[in-house]
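Reader: I am new to this structure and would like to learn how to read it, step by step. Could you show it to me and then take me through its features?

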Amino acid sequence: MPATIPEELSAGLQPAGAIQVQAVPPAPDLPMIQARGLHKTFATPAQQVRALAGVDLEVRKGDIFGIVGFSGSGKSTLLRCINLLERPDAGTVLLAGQEATTLDRRHLGLLRRKVGMIFQHFHLFDARTVGENIAFPLEIAKAGRRHIEARVEELAALVGISDKLKAYPGQLSGGQKQRVAIARALANDPIVLLSDEATSALDPETTWSILQLLKDINRQMGLTIAFVTHELDVVRVLCNQVAVLEAGRIAERGEVGEVFRNPRSLAGVRLVEISRGFREGSLFTDGGGI
Ligand code: ADP
Ligand code: MG
């Protein structure tokens, strides 16, 4: 085990024991993620930063739900509050119908195992091989050696990196690293996958291939995905639902096509205008557009 384990990955460190946590998919009409009245303020020496100012969010089973907004609008804080990496000051989070905000540390750790997460900068363990990275959450869950070996191979095949199992992260491209991170996030059969800017550090072609992979996983496994990004085009390709965050509040939400065709909030209009401007080149005149 590496000397320092990122908090995101150490969530389920407690052995499973005899505790039963209901982490099974809810009835189809129950939302997979349900956040109500989330507030979060960070106190820094200089000021109080209000990151979330009353967020209500529902993500249905099987949705690929985009959460967009300008930098600083609260997207990452919202994701971190959904899996309780960050404690909201007020509000509740239900995952698969189970209230997560009231669970004690141990039960929360068990529930969190069922919440996979991927990041912009992958957060792989550099000293572990690809196979060992994917195996990590299974080791934490105290799975047997045979099961781990079989599962690692299965996951590597799913994300298309079977030939890299003995390689180290430093020997991989960005796209391959994100595939490893996705495989690792799927290891414990999560009920939801949270993605924080997972394609934002990748070139367009690699972004496209990762989006294809996520879409395939969503279709094949019915996996619910909450996908945070500042890139509108990515949401257009990947998501069916979208919410626009603005200053810690949901400014608008709805079907992706509807919101993009007819944005109603200031942030929605500005995001759509900027994305259109980039595509049409209207923001640029020989590089002098901004
Ligand atoms: P986004 O992901 O949309 O860029 P964040 O959720 O990271 O936005 O941040 C929302 C606001 O909260 C920003 O103003 C940010 O500076 C602030 N913030 C986030 N995390 C912390 C923290 N740990 N301490 C202080 N301020 C924070
Ligand atoms: Mg962020």
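Author: Let us begin with the ligand: β2 (48-60) and α1 (75-82) each supply at least two residues of the shell around ligand 1. Please keep in mind throughout that this is a predicted model.

Reader: Which element gives the largest share of the shell around ligand 1?

Author: That element is α1, from which three residues of the shell come. Taken residue by residue, the surroundings of ligand 1 consist of F42, T44, V49, A51, G69, S71, G72, S73, G74, K75, S76 and T77.

Reader: How do the residues of the shell around ligand 1 divide into nonpolar, polar and charged?

Author: Eight residues of that shell are polar, three are nonpolar and one is charged.

Reader: Let us turn to the strands. In what order do the four strands of the open sheet lie?

Author: The order is β2-β1-β4-β5, and the pairing in this open sheet is antiparallel. At its edges are β2 and β5 (98-99), each of which pairs on one side only.

Reader: Over how many bridges do β1 and β2 pair?

Author: Strand β1 (residues 31-43) pairs with β2 over 10 bridges, in the antiparallel sense, and the two strands form a hairpin with four residues between them. To find your place along this pair, look for K40, which stands opposite L52 in β2.

Reader: And how many bridges join β4 to β5?

Author: Strand β4 (residues 90-95) is joined to β5 by two bridges, and these strands run antiparallel; here L94 stands opposite E99 in β5.

Reader: Now I would like to read the helix packing. At what angle do α3 and α4 cross?

Author: The axes of helix α3 (residues 130-140) and α4 cross at roughly 125° and come within 9 Å. Because of that angle, α3 is oblique to α4, and the crossing is right-handed. On the α3 side the contact is made by G131, I134, A135, L138 and E139, while α4 contributes I148, R151, V152, L155 and A156. Sorted by character, the residues of this contact are seven nonpolar, one polar and two charged.

Reader: How far apart are the axes of α4 and α5?

Author: Helix α4 (residues 145-159) packs with α5 at an angle of about 135°, and their axes are 9 Å apart. The angle therefore makes α4 oblique to α5, and α4 passes α5 in a right-handed crossing. The meeting residues are L155, A156, L158 and V159 in α4, facing R179, I182, A183 and L186 in α5. This contact has seven nonpolar residues, no polar ones and one charged residue.

Reader: Why is α5 described as roughly parallel to α6?

Author: Helix α5 (residues 174-186) and helix α6 (residues 204-221) pack at an angle of about 20°, with their axes 10 Å apart. Angles under 35 degrees count as roughly parallel, so α5 is given that description with respect to α6. As for handedness, α5 passes α6 in a right-handed crossing.

Reader: Which residues in α5 and α6 meet?

Author: From α5 they are G174, G175, Q178, R179 and I182, and from α6 they are T206, S209, I210 and L213. In this contact of α5 with α6, five residues are polar, three are nonpolar and one is charged.

Key. Residues numbered from 1 in each chain as written. Chains lettered and ligands numbered in written order. Predicted model: local features only at pLDDT ≥ 70, side-chain atom pairs only at ≥ 80, totals over all residues. Axes fitted to C-alpha atoms, helices over the stretch in contact; angles between N-to-C directions. Parallel < 35°, antiparallel > 145°, perpendicular 65-115°, else oblique. Left-handed = near helix turned anticlockwise from the far one by under 90°. Contact = placed C-beta atoms within 7 Å. Nonpolar A, V, L, I, M, F, W, Y, C, P; charged D, E, K, R; others polar. Near = placed C-beta within 6 Å. Pairing = 2+ DSSP bridges.
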